[in-house]
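Let's take a walk through this protein together, starting with its overall layout and then moving in to the side chains. Keep the picture open while you read.

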Amino acid sequence: MAGQRPRTQGVRDLPARGRAVCTGFIESVTHQPPSDQPFFSAVVVDALGPGPHQAISAGGVRKPYDRLRVIWLGRTRVPGIEAGVQLRLNGMVTQLDGLPAMFNPRYEILSRQEHL
């Protein structure tokens, strides 16, 4: 249907390619050295910490797409993007080194971990 927003889903439910909206937590961020092409990346997962949250296929094999790499080209930092933040991402999913990736997605910060 024209004008219909994509359904929000978790990282392990993302399509291999195409437009998607997902929510997840930032597991880690990567900063590039100043000598390299500027980009900022983060790894997004469905849940943080240990636990039975890893995706298992019907055959009992761990599904490889339990992580999403998010890359902002031309940026050395993205405000608010740090480990532990929960966010909603909206962008095109593609494959990069065998993992799903989104380049320059729209994002909305849903929650942050409080530091004590």
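Before we start, one bit of vocabulary: two strands pair if DSSP finds at least two bridges between them. Also keep in mind that what you see is a predicted model.

With that in hand, look at strand 3 and strand 4. Seven bridges join these two strands, and they run antiparallel. If you want a spot to check by eye, find Ala 42, which stands opposite Val 70 in strand 4. Strand 4 has another partner to look for: three bridges join it to strand 6, residues 99–103, and here the two strands run parallel. For this pairing, a handy marker is Ile 71, which sits opposite Phe 103 in strand 6.

Now step back for the whole chain. The protein has seven strands and zero helices, so reading from the N terminus you meet β-β-β-β-β-β-β. Out of its 116 residues, 30% count as buried. Among contacts with a separation of 6 or more, 61% are between residues 24 or more positions apart. The protein exposes about 7300 Å², and carbon and sulfur atoms supply 52% of that area.

Time to look at the rings. A pair of aromatic rings is described by the distance of the centres and the angle of the planes. How many aromatic pairs does the structure hold? There are two. One of them is Phe 40 with Trp 72, a tilted pair with 6.2 Å from centre to centre and 40° between the planes. Phe 40 belongs to strand 3, residues 39–45, and Trp 72 to strand 4, residues 67–73, so this pair ties together parts that are 32 residues apart in sequence. Phe 40 counts as buried because its relative accessibility is 1%, and Trp 72 is buried too, at 4%.

Why is the pair of Trp 72 and Tyr 107 edge-to-face? The ring planes stand at 80°, with the centres 5.7 Å apart, and planes over 60 degrees apart count as edge-to-face. This pair also links distant parts of the chain, with Trp 72 in strand 4 and Tyr 107 in strand 7, residues 106–111, 35 residues apart. Is Tyr 107 buried or partly exposed? Its relative accessibility is 32%, so Tyr 107 counts as partly exposed. Put the rings together and you have one aromatic cluster made of Phe 40, Trp 72 and Tyr 107.

Right after Trp 72 in the numbering comes Leu 73, also in strand 4. Leu 73 counts as partly exposed because its relative accessibility is 47%. Together with Leu 96 and Phe 103, Leu 73 makes a nonpolar surface patch of about 240 Å². You have met Phe 103 already, as the residue in strand 6 that faces Ile 71 across the pairing.

From rings and nonpolar side chains, let's turn to charges. Side chains of opposite charge can pair when their charged atoms come close. A search of the whole structure finds four salt bridges. One joins Arg 12 to Asp 46, with their closest N and O atoms 3.4 Å apart. Here two loops are linked: Arg 12 is in the one between strand 1 (8–9) and strand 2 (18–31), and Asp 46 is in the one between strand 3 and strand 4, 34 residues apart. Arg 12 is partly exposed, at 24% relative accessible area.

Another salt bridge brings Glu 108 and Arg 88 together, and the closest N and O atoms are 2.7 Å apart. Glu 108 lies in strand 7 and Arg 88 in strand 5, residues 86–96, so to speak a link between distant parts of the chain, 20 residues apart. Glu 108 is partly exposed, with a relative accessible area of 41%, and Arg 88 is partly exposed at 26%. Salt bridges with shared partners also join Glu 27, Asp 66 and Arg 67 into one network.

Within that network, the side chains of Arg 67 and Asp 66 meet at 3.5 Å, N to O. Which of these is buried, and which is partly exposed? Asp 66 counts as buried because its relative accessibility is 7%, whereas Arg 67, at 27%, counts as partly exposed.

Technical notes. Residues numbered from 1 in each chain as written. Predicted model: local features only at pLDDT ≥ 70, side-chain atom pairs only at ≥ 80, totals over all residues. Heavy atoms only, no water. Phe/Tyr/Trp six-rings, centres within 6.5 Å; stacked < 30°, edge-to-face > 60°. Helix = DSSP H or I, 4+ residues; strand = E, 2+ residues; numbered from the N terminus. Buried < 20%, exposed > 50% of the residue type's maximum accessible area, 1.4 Å probe, protein only. Patch = residues over 30% accessible without salt bridge, like charges linked within 9 Å, V, L, I, M, F, W, Y side chains within 5 Å. Areas by Shrake-Rupley, 256 points an atom, 1.4 Å probe, with all protein chains shown as cover. Contact = heavy atoms within 4.5 Å.
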